[in-house]
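Please open the structure in your viewer, keep the sequence panel beside it, and follow the stops below in order, selecting each residue as it is named.

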Amino acid sequence: DKSLVCTGDSIAFELINPVDVHQIHWDFGDGNTSNDINPVHHVYFQQFEDLEAKAVLKSSENGCASTIIIPVNIFEVEADFEVLEYSTYCPGEVLLVNLSSQADEYNWNIEGGELTSEGDTIGIQFPNEGQFEVILSAKNTSNGCEDEISRIIEVIKGEDVVIIPNLFTPNSDGENDYFRAIIPSDFTGMTLKISLALSIFQSDI
């Protein structure tokens, strides 16, 4: 009933107004066959391009056979993603990489989290530790095929860590111009002491 099919969809093969047909043998082109009467339903589970399904018809009068070729294209969209960083909840952002294939439209359904960045690598901010479900839906808008995957993300609170750079160069060259320390949100203050750098060796040669 259609020549473009998504993997997992059921497609119906049916002869229109068959005359003098005693037996039908269906060859779906993927290694599966059937002798069921007209119509017959089949499901493809992998992608095929320019596939040829065949119906071999045998006459009830003389036993002669004729073959009808039916072109079919099977398309597959696979939704997939992996977690890059989820072991600690500090600062609470989980990074996910979209590994979907054959899709051009994506929708993220995030339980208890907030999307902080988009693209092939997305960031999700979770308010606290726990287990959260993340669902990714992927769709190919040209053929309508789609897929969905769900994973449980475990966010664990780690130890409070303060990250302080050991040098910075405020010379307006665009590299390390500012001193930035990464501290947990529940810290109430920080004291910074800077000692002067003294020259201990100099040569004019």
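Begin by selecting E154, which sits in strand β14 of this predicted model. With a relative accessible area of 36%, E154 is partly exposed. Add G130 to the selection and draw a distance between the two C-alpha atoms: E154 and G130 are 24 residues apart in sequence, yet their C-alpha atoms are separated by 5.8 Å in space.

Stay on strand β14 and move to R151, whose relative accessibility of 32% places it among the partly exposed residues. Which residue forms a salt bridge with R151? The partner to select is D80, and the closest N and O atoms of the pair are 2.6 Å apart. Because R151 belongs to strand β14 while D80 lies in the loop between β7 (65-75) and β8 (81-85), the pair ties together parts of the chain that are 71 residues apart in sequence. When a side-chain nitrogen of Lys or Arg has to come within 4 Å of a carboxyl oxygen of Asp or Glu, the count for the model comes to one salt bridge.

Next, go to E146 in the same strand, β14, which covers residues 146-155. Is E146 buried or exposed? E146 is exposed, its relative accessible area being 58%. Now extend the selection to D104, E105, E111, E133 and E148, since together with E146 these residues form a negative surface patch; colouring the six side chains alike will let you follow the patch across the surface.

From the surface, turn to the interior and select F81, L96, W108, I124, F126 and V134. Within the largest nonpolar core, which has 20 residues, these are the ones that touch the most other members. The elements that each give two or more residues to this core are β9 (93-98), β10 (105-110), β12 (121-125), β13 (130-139) and β14. Strand β13 supplies the largest share, with four residues.

The next two stops concern the backbone. Most residues other than glycine have a negative phi, so it is worth looking at two that do not follow this habit. Select Q102, which is found in the loop between β9 and β10; although Q102 is not a glycine, its phi is positive, at about 60°. Q102 counts as partly exposed, with 49% relative accessibility. Then select D50, a residue of strand β6 (residues 48-59), where phi is again positive, near 55°, in a residue other than glycine. D50 is exposed, and its relative accessible area is 66%.

For the last single residue, select V19 in the loop between β2 (10-13) and β3 (21-27). Although valine is a nonpolar residue, V19 is exposed here, with a relative accessible area of 69%. How many residues apart in sequence are V19 and S59? They are 40 residues apart in sequence, while their C-alpha atoms lie 8.6 Å apart in space.

Finally, clear the selection and colour the whole protein by secondary structure. The protein has 14 strands and zero helices, so that reading from the N terminus each element in turn is a β-strand. Of its 205 residues, 25% count as buried.

Key: Residues numbered from 1 in each chain as written. Predicted model: local features only at pLDDT ≥ 70, side-chain atom pairs only at ≥ 80, totals over all residues. Heavy atoms only, no water. Patch = residues over 30% accessible without salt bridge, like charges linked within 9 Å, V, L, I, M, F, W, Y side chains within 5 Å. Areas by Shrake-Rupley, 256 points an atom, 1.4 Å probe, with all protein chains shown as cover. Lys, Arg positive; Asp, Glu negative; His and termini not counted. Charge placed at Lys NZ, Arg CZ, Asp CG, Glu CD. Buried < 20%, exposed > 50% of the residue type's maximum accessible area, 1.4 Å probe, protein only. Core = buried A, V, L, I, M, F, W, Y, C linked by side-chain atoms within 4.5 Å.
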